[in-house]
Amino acid sequence: MSAAGAAPERSRWLKSAGKQIREFGMPLVFTACILATALIHPNFGSFDLQSLALGALPLAMAAAAQAIVVISGGIDLSVGSMIAVSNVLSARLMQHASFEESLGLAVLVLVIGALLGAANGILTAITRIPDVVVTLTTGFIWGGVALLILERPGGGAPAEFLNIAAGIDFSEWLPNAFIVMVVVVALIWIPIRCSRIGLLLYAAGSDPVAAFRSGVNINVARTLAYTFGGVACAAGGIALTMTTGIGAPLAGTYYTLSSVAAAVIGGVRLSGGHGGMVGPVAAALLLTLIPMDLIFLNIDPNYGQVIQGTLIVLVVMFGGFITLMQKRK
Amino acid sequence: MTTNEKLLLNIGGVAKRFGSVVALRGADLEVRAGEVHALMGANGAGKSTLVKIITGVYPADGGQIVLDGKPVVFRSPAEARKAGIVSVYQDPAIVPDLTVAQNMRLARVPIEAVRASMKKLGIDNVDLSKRAGDIDFAILRLIDLSRAIASNPSILMLDEITAALPADLSDRVFAVIREWRESGRSVIFISHRMAEVGALCDRATVLRDGVTVGVTQTKGAEATIVNMMLGEEVAKAAATHHERQAPAASGASGDAALEVRNLACGHALRGVSFRVEPGEVLGVVALEGQGQEELFDCVAGVRRATGGEVLARGKPLRARHPADAIQAGLVLVPANRLQALLQQRSIRENVALATLGGMKGWLPIRMEEERQRVDKAVRRLQIDTRASAELRRLSGGNQQKVVIARWLASGFRTLLCFDPTRGIDIGTKQQIYALLREIAGQGASVLLFTSELPEIRLACDRAIVLFGGRISAQMSADEADEASLLHAAHGLDAAARMEAH
């Protein structure tokens with residue numbers, strides 16, 4: 001009987017703890033990991049920070065793309081292929097272009113990314129084939145297209161264009177790649193979040209039936225999500241060109257599953273309707289930092305994948321545990 | 001122009017089928033401006049389907065909808081809303097991960113208007129920035145109602161709006177509905193609670209088997225409405241009355257096959273107690289959503305009860321999993337055959353699954369023994385085995401028999417049958433009744449929920465009626481004519497008693 005007073009107290013605590021961890025846990029974990037890195041590797045300096053930012057930039061875009069789609073209740077297994085297409089396309093088109101022309105071509109690639117994403121959304125909506133199947137299939141197609149555009153790694157872009165992301169214009173402790181990461185994700189996400197579109201995405205992902213009955217066109221909402229995801233993927237492909245300097249038709253494939261991993265670790269609920277952008281971007285940084293730390297520790301960097309997998313299981317289990325405790329009350 | 005200017009909504013001959021199941025054959029509904037119109041009908045009569053067609057959730061196969069003199073077709077709830085028809089569904093159309101305010105924006109409803117209607121309903125203390133999923137279910141339904149009112153429709157449809165509400169909130173809802181009527185707009189009111197319908201509604205349209213069978217004034221016409229819902233089946237069923245054996249020796253023999261004490265499950269089931277003796281078939285009757293699903297799920301170990309206990313042969317059973325209940329001899333034949341069967345596999349695998357489910361040994365399956373056992377059960381139930389390789393090619397009746405055959409092959413003490421004859425042809429139904437009697441005759445017991453009231457007299461020894469998560473009546477099969485069952489299922493006895501005080 002005496003426990004009656006304590007029970008709601010405990011559930012309220014759990015609720016707020018769960019909320020805080022989901023919203024801000026990943027940036028905190030990442031900060032902790034950076035500090036830990038500085039401890040185990042006293043020489044950790046601005047150069048390491050730069051390579052971290054460069055390495056994480058395309059993954060952050062991929063994570064953002066995946067997060068948008070997953071929030072709306074879908075999943076996009078063509079993220080890697082769309083990044084590959086944008087990567088080789090930009091590297092091939094920009095190889096002999098001037099800086100100004102490159103900027104224009106970058107916009108073109110973003111538009112193409114939007115079209116690829118929209119194709120995923122429209123196919124899912126019209127054919128009613130499950131999104132996993134549709135995006136897996138289109139992923140194969142775009143992967144082939146990437147090989148047609150550029151058979152082997154090559155191409156390039158003007159140095160000024162590469163320096164947008166690869167350079168250091170402000171401080172050696174604040175590489176451009178960080179700024180590009182934050183600005184691009186914000187440019188894609190803030191308009192969504194502040195408009196009706198964001199509402200549609202969360203509603204469609206959270207409870208499609210209730211959303212439909214509230215007057216939401218679910219097909220439109222999902223197609224929008226895939227379209228924005230396509231734009232983010234194209235940005236990721238361009239970022240890959242900027243950070244590597246070339247186009248590589250097979251380099252993109254890594255990003256499909258890593259984007260899902262970053263989204264999930266970043267607190268996006270796989271069943272849809274919950275999550276944001278801060279978590280997935282921080283998770284992308286974390287997933288890039290882990291293999292670096294392993295090198296510092298003289299551990300085989302291939303353990304990175306093992307750790308990444310373990311992290312996903314732990315994060316998902318923890319989320320499930322919190323939900324379970326809330327339900328039990 | 002016709003002179004139908006008083007008619008706000010005129011629906012004629014609406015039909016709808018889902019695959020081979022006909023939900024509506026020819027539903028008519030006329031709603032006048034400024035009236036509260038009740039839509040009545042037994043389970044499966046087609047009320048919900050009609051509501052969903054009117055609001056554009058499903059397209060109709062035939063018939064027409066005339067709104068304010070103009071024929072209309074809505075392809076989505078959004079279109080219906082624009083035309084002035086808004087529905088409050090049984091499960092609130094509120095997205096759980098958005099805040100209340102965001103939900104209002106989602107439906108493009110002005111927040112000030114929602115606040116005003118929430119105030120009228122007495123729920124203006126709800127924090128609009130709260131996540132909708134964290135709000136109490138009853139309050140959520142009222143928020144859904146507030147939103148519907150705030151969008152200012154000409155026709156408001158309320159599907160079982162009072163089902164989850166405490167009495168004081170129901171009264172507020174009724175006050176709002178009456179005010180709504182005063183302003184010359186209409187309400188289509190769906191409720192199983194006859195007393196509410198009589199007190200609140202002007203006229204009622206009654207559906208039976210997907211057809212409109214009558215329209216009547218509601219004042220003092222409760223009995224007429226119940227009779228219309230029943231139809232002529234009463235006479236038919238009486239003619240096919242079956243010979244029933246006397247139930248096995250009563251109580252004295254000791255432990256009941258199944259005893260349920262004060263079982264509760266959330267809001268749905270609020271303390272139900274009964275016994276089923278060995279050799280007895282106990283019928284359960286209830287309208288939709290009166291706690292029967294929860295009762296069967298809790299007894300079968302599909303979900304955990306929040307209170308009370310279940311005793312199998314006198315031994316308390318704490319089932320954490322259906323396997324525990326099966327171990328104790330309680331086996332479930334669920335309403336949805338898809339839940340029970342492996343559609344892509346053969347009859348034999350499906351029947352044998354229950355015996356193999358326990359994984360008693362890791363030795364290879366003894367095929368010959370399995371075959372004999374399965375064949376015996378299949379023969380006993382006269383299952384049509386022409387399409388035995390893949391279960392989904394079997395008719396619904398034969399699939400249902402496979403579910404029962406599975407338990408016959410594995411052995412059980414109490415069979416929990418949830419609406420086993422839904423959507424099954426009459427011949428197979430008779431076979432299933434006969435089988436249930438046979439099972440009882442051999443000393444096992446059966447708990448049978450049915451939505452077809454004549455079955456109580458055909459197959460059961462006793463019946464209990466659930467209403468609002470409690471037992472509202474108990475009667476022997478001889479007393480259980482459809483009128484008494486239906487009255488009890490509508491909670492009418494209770495209401496009458498309350499009025500007498």
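## The nonpolar core

A nonpolar core is a set of buried Ala, Val, Leu, Ile, Met, Phe, Trp, Tyr and Cys residues joined through C-beta atoms within 7 Å. The structure you are looking at is a predicted model, and its largest such core has 252 residues. Leu57(A), Ala60(A), Ala63(A), Ala64(A), Leu416(B), Leu448(B) and Val465(B) are the residues with the most contacts inside this core. Its largest share, 17 residues, is supplied by helix α2 (residues 46-71) of chain A. Chain B takes part too: domain 1 (4-236) and domain 2 (240-355 + 368-500) each give the core at least three residues.

In soluble globular proteins, nonpolar side chains tend to be buried together. To see one spot in detail, find Leu416(B). Leaving aside neighbours within four places in sequence, Leu416(B) is in contact with Phe296(B), Val299(B), Ala300(B), Leu330(B), Val331(B), Leu332(B), Val333(B) and Leu447(B).

## The domains of chain B

Now zoom out to chain B, where the domain assignment gives domain 1 (4-236) and domain 2 (240-355 + 368-500). Taken over C-alpha atoms, the centres of these domains are separated by 33 Å.

## A sheet and its helix

Chain B also holds an open sheet of 4 strands, ordered β12-β11-β14-β15, with antiparallel pairing. At the edges, β12 (269-276) and β15 (315-317) of chain B each pair on one side only. On average, neighbouring strands are turned by 25° against each other, direction ignored.

Strand β11 (residues 258-265) of chain B is joined to β12(B) by 6 bridges; in one of them, Leu258(B) has Val276(B) as its partner. Helix α10 (residues 292-299) of chain B packs on the sheet and touches β11, β12 and β14 (307-312) of chain B. The direction of this helix makes about 120° with that of β11(B).

Notes: Residues are numbered from 1 along each chain as its sequence is written. Chains are lettered from A and ligands numbered from 1 in the order in which they are written. This is a predicted model: local features need pLDDT of at least 70, side-chain atom pairs count only at pLDDT 80 or more; totals for chains, interfaces and linings use all residues. A residue is buried if 20 or more other C-beta atoms lie within 10 Å of its own, exposed if 12 or fewer, and partly exposed in between; C-beta atoms are placed from the backbone. Helices (H or I, at least four residues) and strands (E, at least two) are DSSP runs, numbered from the N terminus. Domain bounds come from an automatic or database domain assignment. Two residues are in contact if their C-beta atoms, placed from the backbone, lie within 7 Å. Two strands pair if DSSP finds at least two bridges between them. Axes are lines fitted to C-alpha atoms, for helices over the stretch in contact, and angles run from 0 to 180 degrees between N-to-C directions.
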